[in-house]
Amino acid sequence: LTILAVPDLGRSAAFYRTAFGWNQTVDVPVYAEFELPGGMRLGVYQREGFGRNTGRVPVQTPAGELAPSELYFHCDDLPGTIARVEAAGGRLLSPLALRPWGDEAAYFADPDGNVLVLARAASAG
């Protein structure tokens, strides 16, 4: 389970729901959680709610900037996933290209500046 602290829960949940089509398993006023392929889960947590658990509200990534982490997703339908992420409002950072480690990958930022990598092994294309 990976959880991201976000400033606008509704916007973030809508982005992930639209971009990936994952099953949303939790939908409460301050938190949404999605079931990813392979049994992993991704949660988006309203920053202030997140702060109640930790005792401090996390720093918000300024608009147009990037958070200091990335989420790396291997995709069965890479072109389709790229199209859905773009349509959902993902900001292209680096177009689809063969990377030195052997994956084809495209880099995006979600509405909160979290870096998303959409990838597949080069031999899978």
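Begin by selecting helix α3, residues 78-87, where L78, G80, T81, I82 and V85 are buried, buried meaning under 20% relative accessible area, exposed over 50% and partly exposed in between, with a 1.4 Å probe and protein chains only. Helices (H or I, at least four residues) and strands (E, at least two) are DSSP runs numbered from the N terminus. The model is a predicted one, in which local features need pLDDT of at least 70 and side-chain atom pairs count only at pLDDT 80 or more, while totals for chains, interfaces and linings use all residues. Residues are numbered from 1 along each chain as its sequence is written, and side-chain values use heavy atoms, with hydrogens and water left out.

**Around helix α3**

Keep α3 displayed and add α1 (9-20), β6 (91-98), β7 (103-109) and β8 (115-121), which are among the elements covering its buried residues; contact here means heavy atoms within 4.5 Å. An α-helix has 3.6 residues a turn, so residues three or four places apart point the same way. At the N-terminal end of α3, select D77, which caps the helix with a side-chain oxygen 3.0 Å from the backbone nitrogen of G80. Just after α3, G89 takes a positive phi of about 110°.

**The nonpolar cores**

Next, colour Y16, F20, W22, F34, V44, F73 and L118, which touch the most other members of the largest nonpolar core, a set of 24 residues. A nonpolar core is a set of buried Ala, Val, Leu, Ile, Met, Phe, Trp, Tyr and Cys residues joined through side-chain atoms within 4.5 Å. Two or more residues of this core come from each of β1 (2-6), α1, β3 (31-35), β4 (41-46), β5 (70-74), α3, β7 and β8, and the largest share, six residues, comes from α1.

Centre the view on L118 and, leaving aside its neighbours within four places in sequence, look for its contacts with F20, F73, C75, L78, T81, I82, V85, E104, A105, A106 and F108. A second, separate core of five residues includes A105, Y107, V115 and A119.

**Aromatic rings**

Now show the aromatic side chains. Rings of Phe, Tyr and Trp (its six-membered ring) pair if their centres lie within 6.5 Å, with planes under 30 degrees apart counted as stacked, over 60 as edge-to-face and the rest as tilted; by this rule there are eight aromatic pairs. The ring centres of Y16 and W22 are 6.2 Å apart and their planes lie at 10°, so this pair is stacked, and Y16 and W22 are both buried. Y45 and F50, in contrast, make an edge-to-face pair, 5.9 Å from centre to centre with 80° between the planes; Y45 is buried at a relative accessible area of 15%, whereas F50 is partly exposed at 23%. Select F15, Y16, F20, W22 and F73 together to see a cluster linked by ring pairs.

**Salt bridges**

The structure holds four salt bridges, each a side-chain nitrogen of Lys or Arg within 4 Å of a carboxyl oxygen of Asp or Glu. Go to D112 and R11, whose closest N and O atoms are 2.3 Å apart. D112 lies in the loop between β7 and β8 and R11 in helix α1, so this salt bridge ties together parts that are 101 residues apart in sequence. D112 is buried, with a relative accessible area of 10%, while R11 is partly exposed at 36%.

Move to R120 and E104, a salt bridge with its closest N and O atoms 2.9 Å apart. R120 lies in strand β8 and E104 in strand β7, so the pair ties together parts that are 16 residues apart in sequence; R120 is buried at 15% relative accessibility, and E104 is buried at 18%. Then select R41 and E33, whose side chains meet in a salt bridge at 2.7 Å, N to O, with R41 partly exposed at 35% and E33 buried at 6%.

**The β6–β7 hairpin and E35**

Display β6 and β7, which pair in the antiparallel sense over five bridges, strand pairing requiring that DSSP find at least two bridges. L92 stands opposite F108 in β7. The two strands form a hairpin with four residues between them, and G102 in the turn has a positive phi of about 105°.

Finish at E35 in strand β3, a partly exposed residue with a relative accessible area of 42%. Not counting residues up to four places away in sequence, E35 touches W22, N23, T25, M40 and R41. The C-alpha atoms of E35 and Q24, eleven residues apart along the chain, are separated by 6.3 Å.

Note on methods:
Polar contact = N/O pair within 3.5 Å; in protein donor to acceptor, adjacent residues only side chain to side chain.
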